Amino acid sequence: MSLKSIFQDMKGEFGSISRKSFDVKFGIRSRSQRVVQDTTSFRVDALKQSCWANMPPELLRDVLMRIEASDDTWPPRKNVVSCAGVCRNWREIMKEIVKSPEVSGKLTFPISLKQPGQRGSLLQCYIKRSRSNQTYYLFLGLNQASTDDGKFLLAAKKCRRPTCTDYIISVNAEDVSKGNSGFVGKLRSNFLGTKFTIYDAQPTNTGAKVTKCRSTRLVNMKQVSPRVPAGNYPVAHIAYELNVLGSRGPRRMQCVMDAIPARAVEPGGVAPTQTEFLHSNPDSFPSLPFFRSTSTQMENFESGENGGMLVLRNKAPRWHEQLQCWCLNFNGRVTVASVKNFQLVASPENGVAAGQEHENVILQFGKVGKDVFTMDYQYPISAFQAFAICLSSFDTKIACE
């Protein structure tokens, strides 16, 4: 539904005024009155913003609610984002109207990628891998990604280090770098590719603490924009079980979600939800985007002490005698057998009943074509956390296979 048609439908609801007086009152110009000149574009935009900003609050809210309700899928939903960019007044109202993914099941603004997914239903996404530049792209879409009709969400670039591997995650598909303002976090592995840590560039809650820097050496790194505070907040640890016997079989993995309490998977449980990206001066946050995890955090993770945090484990597959392979029920979302395929469920040590633990899939990831993979997730993890966990499956695991 276009903005013009919404106005036409609403004229009768706000008094019987003529089209000319309505347009004059609310700053709407006819097509013959629209003059586009490069030299005066700034003044024209300023005038239009002033007219839109001075609309009656009741009319403005009703218009924005109709737009949000009508444009519920991408690409039409870009109109909702456009309305939020008109002026501060429109933005504040639109932020109140648009609900979080937990409630609406929709990803609208960039902050939605840091918020928990929908309760009781998997948000369906897919990942495209570019082997040439070691980059991974996350899209929102319901099909098998055979066409470019998905909504871009996140991108990650693989960076090999002498002792580890980093995956830089950004909302900017064109420039996936540490210094870009679109940087949102990273995934770091150990040398063997058996242990990973997910870092968020911003705290997920007020009690989060940034890890300390052990080195000030910069290597091919830009200075992060002062308005985008880049910290090093561990939000999850991932471990793949060592295959000491060399037997072939599915991988075994465990994820400890440092930022999500175990009770979040219980009925009525709540997970931390970011409401906006923080902006601050450069003195409030470290100037280096990445640091190393503290030894205490890694020791607690390796010893199995989760401190009441949510623990996820991969759902054990069953052996299919006829097919002679390990199988999981992905409900048609995965079509190609791969050692990378997995489903994550809440671990029994969270207090979840054994029967329920095998039913409620929180994250599933699997192959559907060459360099194309589906990624479906739900509450209490976010798209950013789910994407980072799936990236760990791409990394080479010397001691696990």
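In this predicted model, E68 has a relative accessibility of 11% and therefore counts as buried, since the cut-off for that label is under 20%. The partner of E68 in a salt bridge is R77, and the closest N and O atoms of the two are 2.7 Å apart. R77 has a relative accessible area of 1%, so R77 is buried too. Here, then, is a pair of charged side chains in which E68 is buried and R77 is buried.

E68 also appears in the surroundings of V80. V80 is part of helix α5, which covers residues 78–84. Its relative accessibility is 0%, and for that reason V80 counts as buried. Which residues does V80 touch, leaving aside those up to four places away in sequence? They are I67, E68, D71, M94, V98, T108 and F109. Take F109 from that list: F109 and V80 are 29 residues apart along the chain, and their C-alpha atoms are separated by 9.1 Å.

The bridge between R77 and E68 can be set beside others, as the structure holds 13 salt bridges. Another one joins the side chains of R66 and D62, with a distance of 3.4 Å from N to O. Both residues belong to helix α4 (residues 57–70), and because they are 4 residues apart there, about one helical turn separates them. R66 has 25% relative accessibility and so counts as partly exposed. D62, at 24%, counts as partly exposed as well.

A further salt bridge links R119 and E102, whose closest N and O atoms are 2.7 Å apart. R119 sits in the loop between α7 (101–104) and β1 (123–130), while E102 is in helix α7, so this pair ties together parts that are 17 residues apart in sequence. R119 is partly exposed because its relative accessible area is 35%. The value for E102 is 22%, so E102 is partly exposed. Elsewhere, salt bridges that share partners join R161, D166, K186 and R188 into one network.

The next topic is strands. Strand β13 runs over residues 361–369, and 8 of its 9 residues are buried, which means that the strand is largely enclosed by the rest of the structure. What pairs with β13 in the antiparallel sense over 4 bridges? Strand β12, made of residues 342–346, does so. Within this pairing, V345 has V361 of β13 as its bridge partner. β13 also pairs with strand β14 (residues 372–377), again in the antiparallel sense, over 6 bridges. One of the residue pairs involved is L363 with Y377, the latter in β14. β13 and β14 form a hairpin, with 2 residues between the strands. In the turn of this hairpin, D371 has a positive phi of about 65 degrees.

The last topic is empty space inside the protein. How many cavities of 30 Å³ or more does a search of the whole structure find? The search finds 2. The largest cavity holds about 90 Å³ of space. Its lining consists of 13 residues, and those nearest the centre are K114, T204, P272, S382 and Q385. Two elements give two or more residues to this lining, namely β8 (253–261) and α10 (383–394). By type, the lining residues of the largest cavity comprise 7 nonpolar, 4 polar and 2 charged.

Technical notes
Residues are numbered from 1 along each chain as its sequence is written. This is a predicted model: local features need pLDDT of at least 70, side-chain atom pairs count only at pLDDT 80 or more; totals for chains, interfaces and linings use all residues. Side-chain values use heavy atoms; hydrogens and water are left out. Buried means under 20% relative accessible area, exposed over 50%, partly exposed in between (1.4 Å probe, protein chains only). Contact means heavy atoms within 4.5 Å. A salt bridge is a side-chain nitrogen of Lys or Arg within 4 Å of a carboxyl oxygen of Asp or Glu. On a 1 Å grid over the protein atoms alone, a cavity is a set of points where a 1.4 Å probe fits but cannot get out, and a pocket is an open set with protein on both sides within 12 Å along at least five of seven lines; lining residues have an atom within 4 Å of a point. Grid points are joined across faces, edges and corners, and a volume is the space filled by probe spheres set on the points. Ala, Val, Leu, Ile, Met, Phe, Trp, Tyr, Cys and Pro count as nonpolar, Asp, Glu, Lys and Arg as charged, and the others, Gly among them, as polar. Two strands pair if DSSP finds at least two bridges between them.
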